[in-house]
Amino acid sequence: MTHIPNYRDRRILTFPAVHPCEGISSVTLLASLITLSQNICNFQHESFTTQRRNARETMRQIGVLLIFLHEIRERGLVIPDSILLCFSELHFTFQKIHFLIQDCTLEGARLFMLTKSQYVATQFRSLIRAMATALDVLPLQSFEVCSEVKELVELVAKQARKAKFEIDPKDEIASKRVHSILRQFERGTEPDVSSMQGIMNYLEIKTWKDCNKEIKFLEDEISFRCCDCDEREVPLLSSLVGFLCYCRAVIFETLDNQSEARFSTEMMITYVNPEDFRCPISLELMTEPVTVSTGQTYDRASIQKWLKAGNMICPKTGEKLKNTELVPNTTLKRLIQQFCADNDISLAKSCNRNRDITRTIVPGSSAAAHAMQFLSWFLTRRLVFGTQEQKNKAAYEIRVLARSSIFNRTCLVEVGTVPPLLGLLTTNDKSTQENAISSLLKLSKHASGSQSIMDSGGLEPILLVLKKGLSLEARQIAAATIFYLSSVKEYRKLIGENPVAIPGLVELVKEGTTCGKKNAVVAIFGLLLLPRNHRRVLEAALAENVVDGAHAILQASALSLIIGMLRSATSRAGKEHSASILLSLCVNVGVEVVAVLAKDPSLMPSLYSLLTDGTSHAAKKARFLIKVLQDFNETTISGLKGSSIPQERSLHVW
């Protein structure tokens, strides 16, 4: 049986079984029981790294009952209504057993299931006893099946009543070793690597990729529990993450596939995902795709926010919605889940899709904290004294670790990873340069990281990557790094005065991919917060023939794009900036722009929405734009050919 794990449908070790409805026919119930039993028996024994004995015994007993169920169907026997209740209880129990076995074979959950061995063994015992109870009241004499089959069922019922289903001794020993290692981390003692290697071998975690899947599962489980306000086991889960991160970097020396592994999850989302999997509003992968009356599909959270703002038109087509009914698009949801499973992308629930990383300022446990500190020292030593391959691997590990946790960034900056990472930017190896600049990007998001980069003379090598990076990807990441550095007020002047910085960003706007252009534009925006950089940006842009003021925007047919951003932006700031641009174009270009805006039926609802939901500044701009459009429409109706655009300097549109 090919089992595609999807633990996001339910939390691990929860069994949301449902009783068959009272009016269900005996034929339907029997068919469902047979299918469920077959699904349980189809699990391969080699898929179990823990609970092998309990799972094997459970599957054996259900396999015997499957023979009995097949015999009933093949003989066309009539099942009396009095016996349907017994079969319903069996069906309910088999559902729970199926969930339990799914969890025992769930990809990425091996270490977690090992630590829960005692609890899982108890669940096996409890469910098999429940099956025995249902069999005890089953009147076998009512079925005209062969005596051998009846004897087998009676034997299974007897065995189920007496079965112990205890924790496997090997699982128990391995679980105790894990907890011993976690206690060592908690005390601030670095465990012996061979002990951790033994755990990896026992769980058959053989590669970097295998280990990374375990980490992703645990991180998602932490987010899942925090979302549900159930944080009782978060310290244990965090400790296991620290343990596995240490193993991933120290034990698994090489990445499984350099060309694939160097792409982080967010890069895959940027370049690989089919556009149909993205919500037209949020531009993120849809977790709960729903279809509106126009046939367009959106993520539930995004379209609900759109409707709540009073919008009754389809964001994508501009058509008026006949109703606000949202129909789940289950087919598309399955395709997205399959795509994420195939590409090793973690798709979080909508409630934690944009997980608040601020909660990772502190570690989830003292064991996790010490594990990260030991790992930071290890990676720093590798950056300085390792071979070229080890340096590349260390840079990639830092890239991954710094992405997921503010505490990780703090540890990595404090132990001094920034200077050796800056040294790797001048390498001739493309992969190493990309990993180094990506790590610096993540660390630059931390206040101490930005300071360490600038204090270590990091601006020059980063700008060198921006201008002459070994790949377009490295150049684009360098632009994003400059944006984060420019978030510090005193650094804007230093960056702006560098003769390479602004021309390099403008050049990337011209040559980069969509992602690269975005990185360059936001970096330029950050530098423009310093007024003296305005002239430098304009000079560089004119030198590259990229900007010719407001008329260039009009000639580039960007009006529809800006209107679309005003309509679909999910943040207040995005809507306000879009309104500012439109207002500025009206003021600086005049009737040519107003005439185009007046023809767009979706603009007015967006502006009125900004009046109620926006900031006071945004509302003021929206009010002025509405007045401009209304004046234009009135003069057009009156037969006038033009419209004067009032100048209101107090709006501060720039």
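**Exercise 1. Classify Phe185 by its accessibility, then follow its ring contacts.**

Solution. Phe185 has a relative accessibility of 1%, so it counts as buried (buried is under 20% relative accessible area, exposed over 50%, partly exposed in between, with a 1.4 Å probe and protein chains only). The model is predicted: local features need pLDDT of at least 70, side-chain atom pairs count only at pLDDT 80 or more, and totals for chains, interfaces and linings use all residues. Residues are numbered from 1 along each chain as its sequence is written, and side-chain values use heavy atoms, with hydrogens and water left out.

Next, count the ring pairs. Rings of Phe, Tyr and Trp (its six-membered ring) pair if their centres lie within 6.5 Å; planes under 30 degrees apart are stacked, over 60 edge-to-face, and the rest tilted. The count by this rule is 5 aromatic pairs. One of them joins Phe185 to Tyr246, with 5.6 Å between centres and 65° between planes, and is edge-to-face. This pair links distant parts of the chain, since Phe185 is in helix H7 (residues 169–187) and Tyr246 in helix H10 (residues 234–250), 61 residues apart. Helices (H or I, at least four residues) and strands (E, at least two) are DSSP runs, numbered from the N terminus.

Then check the partner. Tyr246 is at 4% relative accessibility and therefore buried. Finally, ring pairs link Phe185, Tyr246 and Phe374 into a cluster.

**Exercise 2. Find the largest cavity and describe its lining.**

Solution. Begin with the rule. On a 1 Å grid over the protein atoms alone, a cavity is a set of points where a 1.4 Å probe fits but cannot get out, and lining residues have an atom within 4 Å of a point. Grid points are joined across faces, edges and corners, and the volume is the space filled by probe spheres set on the points.

The search of the whole structure gives 1 cavity of 30 Å³ or more. The largest cavity holds about 40 Å³ of space. Its lining consists of Ala249, Glu253, Phe378, Leu379, Arg382, Gln390, Lys393, Ala394 and Glu397.

Now assign the lining to elements. Helix H15 (366–385) and helix H16 (388–404) each give at least two residues, and H16 has the largest share, with 4 residues. Sorted by class, the lining has 4 nonpolar, 1 polar and 4 charged residues (nonpolar: Ala, Val, Leu, Ile, Met, Phe, Trp, Tyr, Cys and Pro; charged: Asp, Glu, Lys and Arg; polar: the others, Gly among them).

**Exercise 3. Give the strand order of the sheet and locate a bridge.**

Solution. Two strands pair if DSSP finds at least two bridges between them. The open sheet has 3 strands in the order S2-S1-S3, with antiparallel pairing. Strand S2 (297–299) and strand S3 (327–328) are the edge strands, each pairing on one side only. Strand S1 (residues 289–291) is joined to S3 by 2 bridges. Val290 has Pro328 in S3 as its bridge partner.

**Exercise 4. Examine Leu13 and Glu204 for backbone angle and exposure.**

Solution. Most residues other than glycine have a negative phi. Leu13 has a positive phi near 60°. Leu13 is placed in the segment before helix H1 (26–41) and, at 10% relative accessibility, is buried.

Glu204 also has a positive phi, about 60°, and is not a glycine. Glu204 sits in the loop between helix H8 (193–202) and helix H9 (208–227). With a relative accessible area of 30%, Glu204 is partly exposed.

Methods: 1 Å grid on protein atoms, 1.4 Å probe; cavity = no way out; pocket = protein on both sides within 12 Å on 5 of 7 lines; lining within 4 Å.
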